[in-house]
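Reader: Please explain the terms applied to this model, setting each value against its definition.

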Amino acid sequence: MLQHGGAKILPVIPQLIIPIKEALNTRNHQIVCRTVKVLQWLVKSTDLVGEALVPYYRHILPILNIFCTRNINSGDGIEYSQRRQENIGDLIEQTLNLMEKYGGEGAFNYIKYMVPTYESCQLNHGV
């Protein structure tokens, strides 16, 4: 759907929120990583999808806030999950950056309210 949906994605955004929220609420590492990757793809899929998601941030962001600081610190060791893009803290940081970038003017303020530790990826965010 995301690859070939185009303009057909926008009208079904409300129906996607509950399954996304339920997947994130499992708190299962693999499921959360896959869901966050799908969320990234959804935000970038077509014009206005990022802005259409902003009203639903209150459903999605609280769970991302829980996981956003869960980066694996292996010291000098090698962390192989980075190559597979399964380091959940990095994935969530990338997702929040995409949500800010594609979410329009108010996206940063909404993200910052729901995820207080978030730092803007854009220099002039109006705050």
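Reader: Why is Cys-68 called buried?

Author: Cys-68 has a relative accessible area of 13%, and buried means under 20%, exposed over 50% and partly exposed in between, with a 1.4 Å probe and protein chains only; therefore Cys-68 counts as buried. The model is predicted, so local features need pLDDT of at least 70 and side-chain atom pairs pLDDT 80 or more, while totals for chains, interfaces and linings use all residues. Residues are numbered from 1 along each chain as its sequence is written, and side-chain values use heavy atoms, without hydrogens and water.

Reader: What makes Cys-33 buried?

Author: Its relative accessible area is 3%, so Cys-33 is buried by that cut-off.

Reader: How many disulfides does the structure hold?

Author: It holds 0 disulfides, a disulfide being a pair of cysteine sulfur atoms within 2.5 Å.

Reader: Which residues of H4 are buried?

Author: In H4, a helix (a DSSP run of H or I, at least four residues, numbered from the N terminus), they are Tyr-57, Ile-60, Leu-61, Ile-63, Leu-64 and Phe-67. They lie on the same side of H4 because their arc is only 165 degrees, taken from the directions from the helix axis to the C-beta atoms.

Reader: What covers the buried residues of H4?

Author: The cover includes H1, H2, H3, H5 and H6, contact meaning heavy atoms within 4.5 Å. Towards H5, Tyr-57, Ile-60, Leu-61, Leu-64 and Phe-67 of H4 meet Ile-88, Gly-89, Ile-92, Leu-96 and Met-99.

Definitions and conventions: Helix = DSSP H or I, 4+ residues; strand = E, 2+ residues; numbered from the N terminus.
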